[in-house]
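Visitor: I would like to learn how to read a model like this one. Where do we begin?

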Amino acid sequence: MHGQMHGHRHLAWHETLELHELIAFQANALMKMKKAVGKIDCPELKGLYTETIQGLETNLRELLAFIPAAPMMEESRDHDDGDRALHAGDLLGFSKTAVRNYAAAITEAATPVLRKTFVKHLLKAIDTHEKAFNYMYERGYYPAYDLAQLLYHDVRNAQKALSMGYER
């Protein structure tokens with residue numbers, strides 16, 4: 001498996017949810033694009049579609065490789081450490097939202113100095129997120145586990161999308 005799994009035999013629940021979202025989104029997009037590409041009469045646009053289709057196929061194959069590491073039902077352990085867990089969760093949620101908001105803002109920035117400021121702030125938000133996550137993870141405040149049935153459907157749809165033919 002790619003990288004470290006923090007001593008666990010499987011992916012964390014929250015990252016499994018993101019994996020699910022990406023597989024489902026890209027499998028659906030791939031099916032739509034494969035159905036549409038044959039109707040496109042502009043060679044340049046058809047080439048863009050073909051390139052995107054091939055990229056999505058690669059993405060799905062790479063993402064599907066993580067499915068065997070998805071969590072199965074395990075017994076849950078509650079950790080209640082009072083306000084520390086609550087405050088750490090607030091910090092994690094804030095930093096996650098900040099990362100998303102700055103990433104979106106960067107795509108709208110037309111002024112170079114403002115864009116650089118957004119990038120600098122994004123990097124700080126990413127660092128804060130990592131620190132908050134590690135704090136919570138190390139103390140057992142952020143457990144994460146199981147989506148077996150949902151992932152089964154994701155795999156089935158992704159395999160269907162990958163096996164579909166299309167006009168090149």
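Guide: With the charged pairs. Side chains of opposite charge can pair when their charged atoms come close. This is a predicted model, and the count in it comes to three salt bridges.

Visitor: Which residue forms a salt bridge with Glu18?

Guide: Arg100 does, with the closest N and O atoms 3.6 Å apart. The pair links distant parts of the chain. Arg100 sits in helix α3, Glu18 in helix α1 (residues 13-36), and their positions lie 82 residues apart in sequence. Glu18 is partly exposed, at 40% relative accessibility.

Visitor: Which side chain meets Lys34 in a salt bridge?

Guide: That of Glu57, at 2.9 Å from N to O. Lys34 belongs to helix α1 and Glu57 to helix α2, so this salt bridge ties together parts 23 residues apart in sequence.

Visitor: Are Lys34 and Glu57 buried or exposed?

Guide: Both are buried.

Visitor: And where is the remaining salt bridge, the one of Asp127 and Lys131?

Guide: Within helix α4. The two residues are four apart there, so about one helical turn separates them. Their side chains meet at 2.9 Å, N to O. Asp127 is partly exposed, at 33% relative accessibility. Lys131 has a relative accessible area of 54%; the cut-off for exposed is over 50%, so Lys131 counts as exposed.

Visitor: Now the aromatic rings. How should I describe a pair?

Guide: A pair of aromatic rings is described by the distance of the centres and the angle of the planes. A search of the whole structure finds one such pair. The rings are those of Tyr102 and Phe118, with centres 6.0 Å apart and planes at 65 degrees. Angles over 60 degrees count as edge-to-face, so that is the label for this pair.

Visitor: Which helices hold Tyr102 and Phe118?

Guide: Tyr102 lies in helix α3 (residues 83-108), Phe118 in helix α4 (residues 112-138). The pair therefore ties together parts 16 residues apart in sequence. Tyr102 is partly exposed, at 25% relative accessibility. Phe118, at 18%, is buried.

Visitor: Which residues form a nonpolar patch on the surface?

Guide: Val119, Leu123 and Ile126, with about 240 Å² of accessible area together. Ile126 is found in helix α4. Its relative accessible area is 40%, so Ile126 is partly exposed.

Visitor: Let us step back to the chain. How many helices and strands are there?

Guide: Five helices and zero strands. The order from the N terminus is α-α-α-α-α. Of the 168 residues, 31% count as buried. The chain exposes about 11400 Å², and carbon and sulfur atoms supply 56% of that area.

Visitor: What share of the contacts with a separation of 6 or more comes from residues 24 or more positions apart?

Guide: 80%.

Visitor: Last topic: confidence. Where is it lowest, and where highest?

Guide: Helix α5 (residues 148-163) has the lowest mean, 72; helix α2 (residues 43-64) has the highest, 92. Over residues 73-80 the pLDDT is below 50. Beyond near neighbours in sequence, that stretch has six contacts in the model. Where pLDDT is low, the predicted coordinates should not be read in detail. The chain averages a pLDDT of 79, and 77% of the residues score at least 70.

Technical notes. Residues numbered from 1 in each chain as written. Heavy atoms only, no water. Phe/Tyr/Trp six-rings, centres within 6.5 Å; stacked < 30°, edge-to-face > 60°. Buried < 20%, exposed > 50% of the residue type's maximum accessible area, 1.4 Å probe, protein only. pLDDT = per-residue confidence, 0-100. Contact = heavy atoms within 4.5 Å. Patch = residues over 30% accessible without salt bridge, like charges linked within 9 Å, V, L, I, M, F, W, Y side chains within 5 Å. Areas by Shrake-Rupley, 256 points an atom, 1.4 Å probe, with all protein chains shown as cover. Salt bridge = Lys/Arg side-chain N within 4 Å of Asp/Glu carboxyl O.
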